[in-house]
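Here's a quick briefing to read alongside the model. Have the sequence and the 3D view open as you go.

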Amino acid sequence: MISPRTLSLACLGSLLVLGAVQADTPRKSWDTFRASQRAEVASLPKPPQPPPGEGSALDRFLAAYWKKQGYTPPAPVDERTFARRVYFDVIGLPPTPQQLQGFLADRSPDKRAKLVDRLLAEKEAYAEHWMTYWNDLLRNDEQTNIDGLRKPVTTWLYPALLENRPLDQMVFELLNPGPNGPDGYLKGVNWRGRVNASQTPPIQAAQNVGQVFLASALKCASCHNSFINKRKLAEAYGLASFFTPQNLEIHRCDKPTGVKAAPVFLFPDLGTVDPKADLNTRRQAVATMVTRPRNPRFARAMVNRLWKRLLGEGILEPADDFDSVTLESPLLDWLAYDFMAHDYNAKHMLRTILLSRIYQLPVPPANPKKKTPLLGPTERRLTSEQYLDAVAQLTGYWPGGPAMQVRVANPHMRTWRHKKPDALTTALGRPNREQVCTERSQESTVLQALELVNGRTLAERLQAGAKTLLASELGRQENGDEVARVLYLRALGRIPTAEEVALVKPLLGTPKEKNRQEGWEDVLWVLVNNPEFQFVR
């Protein structure tokens with residue numbers, strides 16, 4: 001593992017080059033940025049090499065780990081399960097019956113790799129799905145505009161995901177936005193009335209940068225020396241002073257101390273800035289220190305987050321606070337180096353994980369007596385956006401309404417674009433984004449159950465969805481068995497059992513019958529409340 005505190009200062013000359021890059025500069029400046037990043041990656045010590053064996057480097061690391069644990073992994077999941085899993089994880093939607101059938105009919109040995117590549121190449125669908133994740137991480141929201149001082153970054157974020165902008169460049173732009181960049185991220189949430197010293201925008205910025213990009217929890221240390229990790233009050237204020245024109249006065253438990261904090265990075269060996277520097281210089285410096293390859297914490301934190309998003313648990317936990325855990329992980333070190341060597345390309349890292357053996361394993365049985373990490377993916381509840389988009393794709397009814405201010409080619413309004421979430425979206429876990437949300441709760445709540453079973457919002461969507469389906473070719477289908485087959489394939493990715501067909505056929509009726517609306521609503525209700533529909537397994 002490469003420790004930031006033992007790094008040499010010999011390569012800090014690139015700080016001047018990187019620090020001069022603004023988020024709205026010409027392509028040539030970003031070419032300079034990339035060349036400098038690549039040169040620094042090349043100068044780094046090589047990570048631990050994977051043990052000998054079969055499969056990818058990732059698979060070989062895990063094979064050695066499993067052998068040490070005395071664990072024999074089961075066979076990979078079947079093709080239907082893999083397809084549903086990877087569709088939801090890459091584009092946030094289930095496969096259509098036609099897409100699923102095409103994948104199942106493919107006899108090539110690399111069919112899973114081809115599917116992953118095809119989904120990652122669907123730029124619009126990919127960007128729309130990952131907007132939800134990044135909106136949570138960046139607190140990006142257009143629902144509220146507190147005192148007129150909260151500014152969304154939607155018009156910057158969606159194009160960045162659409163073009164698969166390198167993550168180091170994205171974060172550099174966020175921390176050093178320039179006059180035409182995404183300055184809403186650093187502006188933060190400006191609360192009404194008297195604000196605790198630990199919640200001012202510069203402190204918010206330090207907390208959010210530390211948590212999301214450096215896996216360093218600073219909220220406790222923003223009030224006093226932390227009780228949960230090694231971070232000190234002075235460190236939190238030192239990072240916050242990069243985001244303000246003057247050095248901040250340190251407040252302990254909301255009381256001024258009379259001590260001013262100069263800008264000092266969490267890992268001081270990565271560079272310094274003049275305590276009298278102006279705001280632009282401070283932002284340029286911190287953007288460089290966070291994203292430069294000689295700060296391995298950034299690459300490790302981001303790789304760990306992508307891993308956790310796809311498998312349910314990070315290689316290291318807690319993913320928000322590496323300061324409280326042992327950082328030894330040859331696997332994470334290797335993946336982080338590979339991530340940097342591929343220009344911080346998120347899709348490259350996603351592909352690496354999606355095609356790994358561990359991702360394709362079935363969910364291991366729960367063992368409350370002993371929890372051993374890295375034995376397979378966890379069962380994950382669909383996000384509220386995935387769930388409601390899946391309902392819309394099942395029925396063909398896509399609700400409209402006030403939308404986020406960004407140009408999207410998709411004629412259907414996916415749930416992330418709704419400016420104001422409804423009661424169901426909120427009940428299913430969509431946060432208000434006044435705080436960073438790095439993971440959503442997987443626990444069921446009474447409110448969720450009430451909304452799903454008896455809520456007006458879902459009932460109205462299913463009512464409109466049933467009406468849409470009845471007006472479609474499927475609604476005119478005479479063969480009730482075929483209608484049931486199509487609906488189950490759309491909803492669950494499988495053929496219904498004989499018992500399920502016998503249950504739903506009387507509800508579906510035939511085109512000759514009148515008043516079929518209620519029966520179709522009931523069938524849709526059964527499908528969307530099925531745990532197979534609500535979970536990625």
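A residue counts as buried here when its relative accessible area is under 20%. By that cut-off Tyr133, with a relative accessible area of 11%, is buried. Keep in mind that this is a predicted model. The topics below are a helix, the aromatic rings, some backbone oddities and the cysteines.

**Helix α6 and its surroundings**

- Helix α6 covers residues 111-120, and 7 of its 10 residues are buried, so the rest of the structure largely encloses it.
- The buried residues of α6 are Lys111, Arg112, Ala113, Leu115, Val116, Leu119 and Leu120.
- What do these buried residues pack against? Their partners are α4 (79-91), α5 (97-105), α7 (123-138) and α16 (346-354).
- An α-helix has 3.6 residues a turn, so residues three or four places apart point the same way. That's handy to remember when you look down the helix axis.
- Arg112, buried in α6, also has a ring partner: its charged end sits over the ring of Phe82, 4.6 Å from the ring centre.
- Arg85 does something along those lines too, with its charged end over the ring of Tyr359 and 5.7 Å from the centre of that ring.

**Aromatic pairs**

- How many aromatic pairs does the structure hold? The count is 17.
- One of them is Tyr133 with Trp134: the ring centres are 6.2 Å apart and the planes meet at 85°, so this pair is edge-to-face.
- Trp134 counts as buried at 4% relative accessibility, and its partner Tyr133 is buried as well, at 11%.
- Phe213 and Phe298 also make an edge-to-face pair, because their planes are at 65°, with ring centres 6.4 Å apart.
- That pair ties together distant parts of the chain, since Phe213 belongs to helix α11 and Phe298 to helix α14, 85 residues apart.
- Phe213 is buried at 0% relative accessibility, and Phe298 is buried with a relative accessible area of 0%.
- Both rings belong to one aromatic cluster, made up of Tyr185, Phe213, Phe298, Phe339 and Tyr344.

**Backbone oddities**

- Most residues other than glycine have a negative phi, and most peptide bonds are trans. The next few spots go against that.
- Tyr344, a member of the aromatic cluster, isn't a glycine, yet has a positive phi of about 55°.
- You'll find Tyr344 in the loop between α15 and α16, where it counts as buried at 1% relative accessibility.
- Ala215 is another non-glycine with a positive phi, this time about 50°.
- Look for Ala215 in the loop between α11 (201-214) and α12 (233-240); the residue is buried, with a relative accessible area of 0%.
- Which peptide bond is cis? The one from Glu317 to Pro318 is, with omega near 0°.
- Pro318 sits in the loop between α14 (296-311) and α15 (330-341).

**Cysteines**

- Searching the whole structure for disulfides turns up 0.
- Why is Cys223 not bonded to Cys253? Cys253 holds the closest cysteine sulfur to that of Cys223, but the two are 4.1 Å apart, which is too far for a bond.
- For reference, a disulfide needs the two sulfur atoms within 2.5 Å.
- Viewed from the other side, Cys253 is in no disulfide, and its nearest cysteine sulfur is that of Cys223.
- Cys253 is partly exposed, with a relative accessible area of 36%.

Key
Residues numbered from 1 in each chain as written. Predicted model: local features only at pLDDT ≥ 70, side-chain atom pairs only at ≥ 80, totals over all residues. Heavy atoms only, no water. Buried < 20%, exposed > 50% of the residue type's maximum accessible area, 1.4 Å probe, protein only. Helix = DSSP H or I, 4+ residues; strand = E, 2+ residues; numbered from the N terminus. Contact = heavy atoms within 4.5 Å. Phe/Tyr/Trp six-rings, centres within 6.5 Å; stacked < 30°, edge-to-face > 60°. Lys NZ or Arg CZ within 6 Å of the ring centre and 35° of its normal.
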